[in-house]
Amino acid sequence: MCKRAILRHRDPQQNFTMTTRQLDNSTTRQLGNAHNEIGEMRSRILWGQWRLAQSDAMDRLRVVRGFIGSGNNELHRHAIVSAVAALQTWYRGTLVELVDHDEALRGRAAESITERFTLKEALGWISGKTATFGELVAHAAPCNSVTDLMSWLTRILGFDLKEALARAVSPYQRDDPDNAPRLVVDVDVLATNIGEAFRLRHILAHEAAPRLVVDAETCARALDSVQQWIEAVAAVIWATVYKDVPLSTYEMNMHARGKVQSARTELAKHLRNALEAERKNGSAKWLRENHRDWHRVVTTWAQQTYGRLEGTMWPSVGGYDLADAIAARAKQMAAWVRSTDPG
């Protein structure tokens with residue numbers, strides 16, 4: 001075989017090796033930049049909190065909705081691109097919140113991640129010091145079509161999102177869904193409209209398309225569909241993943257009250273044990289006096305902080321704060337009893 005033939009024979013393997021190495025290096029660079037990219041994206045969310053991504057998305061939709069009917073095709077084109085960007089912001093924030101919320105959801109999300117990690121990188125994601133695992137999932141998940149949105153949320157939630165959307169009702173009516181109006185009349189129509197918004201966004205973001213006209217009706221349909229999708233999926237999540245999480249002011253107040261009562265019950269148990277132990281040591285007088293002082297300090301704090309603020313949200317905020325203080329005291333009592341009487 002001549003030298004040229006040998007080179008031709010070896011080229012495919014050499015090219016394959018180089019391509020594989022290049023792909024590996026590309027993946028490494030992508031993972032290496034992930035922390036920085038996530039941090040930058042997080043910094044552009046309101047207060048740097050992913051739970052507020054939906055608020056950011058809705059605020060953006062409200063702003064660009066003002067462009068509808070302006071008669072300016074350029075503004076309509078801009079509104080389409082902005083609406084899809086808002087949808088993608090909400091989608092990433094939703095994935096972060098879901099994955100970081102529950103171990104079962106984290107497990108299903110982990111099965112969807114195909115990138116390769118070194119042990120050092122894996123430990124970095126697990127520690128969550130610079131970014132959480134939920135942020136990694138949101139960073140890796142594609143979000144360029146309605147199929148992407150539907151398939152990844154279905155996989156992570158563990159049930160058919162399309163079927164759930166057909167039954168979705170307002171989160172404030174989740175306790176009586178049979179008598180509540182559905183948020184989505186036709187899921188297929190909604191999915192088609194979201195798909196069209198993605199199609200137009202792709203054209204407008206990657207092509208000049210000077211003769212493409214986006215009329216007011218098309219623009220309004222895209223924005224309405226994005227908003228309906230966000231609200232409907234959020235309602236599904238509140239009815240399933242967050243079904244036990246308080247949403248309304250009344251639910252928050254009742255939940256906080258239950259936390260306080262549970263903490264008091266736990267404290268009473270450990271206080272009885274501590275008093276019994278101190279009586280065996282000779283006297284429990286000091287403990288009774290100490291506990292009265294503690295109770296006075298905690299009560300004064302509750303009354304002079306959240307207790308004197310006006311507004312419907314403060315009773316629940318104050319309740320959670322009080323529950324934490326009582327739980328800490330119960331833990332302190334239990335630790336003291338264990339220290340003096342290991343048996």
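The exercises below treat a helix contact, a salt bridge, a cavity and two pockets in a predicted model.

Residues are numbered from 1 along each chain as its sequence is written, and side-chain values use heavy atoms, with hydrogens and water left out. Because the model is predicted, local features need pLDDT of at least 70 and side-chain atom pairs count only at pLDDT 80 or more, while totals for chains, interfaces and linings use all residues.

**Exercise 1. Describe how helix α3 packs against helix α9.**

Step 1. Locate the helices, which are DSSP runs (H or I, at least four residues) numbered from the N terminus. Helix α3 covers residues 73-101 and helix α9 residues 187-206.

Step 2. Take the geometry from axes fitted to C-alpha atoms over the stretch in contact, with angles from 0 to 180 degrees between N-to-C directions. The angle is about 115 degrees, and the axes are 9 Å apart. The crossing of α3 and α9 is left-handed (the near helix is turned anticlockwise from the far one by less than a right angle).

Step 3. List the residues in contact (heavy atoms within 4.5 Å). From α3 come R77, I80, V81, V84, L87 and Q88; from α9 come I194, A197, F198, L200, R201 and L204.

Step 4. Sort them by class: Ala, Val, Leu, Ile, Met, Phe, Trp, Tyr, Cys and Pro are nonpolar, Asp, Glu, Lys and Arg charged, and the others, Gly among them, polar. The contact has nine nonpolar residues, one polar and two charged.

**Exercise 2. Place the salt bridge between D59 and R62.**

Step 1. Apply the criterion: a side-chain nitrogen of Lys or Arg within 4 Å of a carboxyl oxygen of Asp or Glu. The structure has 11 salt bridges by this rule.

Step 2. Read the distance. For D59 and R62, N to O is 2.8 Å.

Step 3. Find the pair in the fold. Both residues belong to helix α2 (residues 53-65), three residues apart, or about one turn of the helix.

**Exercise 3. Characterise the largest cavity.**

Step 1. Set the terms on a 1 Å grid over the protein atoms alone: a cavity is a set of points where a 1.4 Å probe fits but cannot get out, a pocket is an open set with protein on both sides within 12 Å along at least five of seven lines, and lining residues have an atom within 4 Å of a point. Points are joined across faces, edges and corners, and volume is the space filled by probe spheres set on them.

Step 2. Count and size. Three cavities reach 30 Å³ or more, and the largest holds about 60 Å³.

Step 3. Name the lining: I38, M41, W50, R92, E135, A138 and H139. Helix α6 gives the largest share, three residues. Four lining residues are nonpolar, one is polar and two are charged.

**Exercise 4. Describe the largest and second largest pockets.**

Step 1. The largest pocket has a volume of about 610 Å³. Of its 19 lining residues, R51, Q54, E97, W238 and Y242 are the closest to the centre. Helix α3 supplies the largest share of the lining, six residues.

Step 2. The second largest pocket holds about 280 Å³. Its lining has 17 residues, with V260, P315, S316, G318 and G319 closest to the centre. Elements giving two or more residues are α11 (249-280) and α13 (314-340).

Step 3. By class, the largest pocket is lined by 11 nonpolar, five polar and three charged residues; the second largest, by eight nonpolar, seven polar and two charged.
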